[in-house]
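Let's take a walk through a protein model together. Have the picture open while you read, and turn it around as you go.

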Amino acid sequence: HSTQSSSPIPVLLRSASSLLSRSMSLPPGSLRASTLTVITGMVGGGTFTFSYGVYKAGTIPALCYLIVIAMSAAYSTHTIVFCAEQNNCPSFRALAKKLYGAKTAIFIQVCVLLILWMVCISYMTLTKNLLSTAVTHLTSGNDGSGTHWYDNDILLL
């Protein structure tokens, strides 16, 4: 019995409902846990920069870009989930190993690790820049010349 679908929506809904039905218990290293980790990292960084990108590009180009990116993300998610289901693979690594071999599986795992590491660095940089300015303005009044110990950029990082 083949579960081919022309739309990724049923696959995503099936995936989401099975996630919720298991009380959000995600086995470590599973396809869903890995997907959630990557999405969380990407969405978090995007929230800081999306509004600025829309401001710089303009509303119409930004909406067109958003539609293209959303369609690309839906297609790639559908493709990965479909391939994983067809090959009975519970994780990205298992799928890569089955389709391309052990070396590719390790390469993909290293790529995911690097992406998450870079997301952490981005968060630290954004937090340091935003928090430093906010603390300085909140504690030193309007002149922005805070010289207290809690204004130290390294401490805030």
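What follows goes from the whole chain down to a few single residues.

**The whole chain**

Keep in mind that this is a predicted model. The chain has six helices and zero strands, so reading along the sequence gives you the pattern α-α-α-α-α-α. The chain counts 157 residues, and 18% of them are buried. About 11400 Å² of the chain is exposed, and carbon and sulfur atoms supply 70% of that area. Now look at contacts between residues at least 6 apart in sequence: 52% of these join residues at least 24 apart.

**Helix 3 and the loop after it**

Find helix 3, which covers residues 59-86. How far apart should its ends be? At 1.5 Å a residue, the 28 residues of helix 3 should span 40 Å, and the end C-alpha atoms are indeed 40 Å apart, so the two values agree. The buried residues of this helix are Ala62, His78, Val81 and Ala84.

Just after helix 3 comes Asn88, with a positive phi of about 55 degrees. Asn88 has this positive phi although it is not a glycine. Asn88 sits in the loop that leads from helix 3 to helix 4 (92-100). Is Asn88 buried or exposed? With 70% relative accessibility, Asn88 counts as exposed.

**Two cysteines without a bond**

A disulfide is a covalent bond between the sulfur atoms of two cysteines. How many disulfides does a search of the whole structure find? The search comes back with zero. Why don't Cys83 and Cys89 pair up? The closest cysteine sulfur to that of Cys83 is the one in Cys89, and because it is 9.3 Å away, it is too far for a bond. Check it from the other side: the sulfur of Cys89 has its closest cysteine sulfur in Cys83, again at 9.3 Å. A disulfide needs the two sulfur atoms within 2.5 Å.

The two cysteines can also be set beside Asn88 and Trp117 by how much of each is accessible:

| Residue | Relative accessibility | Counts as |
|---|---|---|
| Cys83 | 26% | partly exposed |
| Cys89 | 9% | buried |
| Asn88 | 70% | exposed |
| Trp117 | 53% | exposed |

**A nonpolar patch**

Finally, move along to helix 5, residues 102-140, where you'll find Trp117. Trp117 counts as exposed, at 53% relative accessibility. Which residues make a nonpolar surface patch with Trp117? They are Ile106, Val110, Leu114, Ile115, Met118 and Ile121, and with Trp117 they make a patch of about 630 Å².

Definitions and conventions: Residues numbered from 1 in each chain as written. Predicted model: local features only at pLDDT ≥ 70, side-chain atom pairs only at ≥ 80, totals over all residues. Heavy atoms only, no water. Helix = DSSP H or I, 4+ residues; strand = E, 2+ residues; numbered from the N terminus. Buried < 20%, exposed > 50% of the residue type's maximum accessible area, 1.4 Å probe, protein only. Contact = heavy atoms within 4.5 Å. Areas by Shrake-Rupley, 256 points an atom, 1.4 Å probe, with all protein chains shown as cover. Expected span 1.5 Å × (residues − 1). Patch = residues over 30% accessible without salt bridge, like charges linked within 9 Å, V, L, I, M, F, W, Y side chains within 5 Å. Salt bridge = Lys/Arg side-chain N within 4 Å of Asp/Glu carboxyl O.
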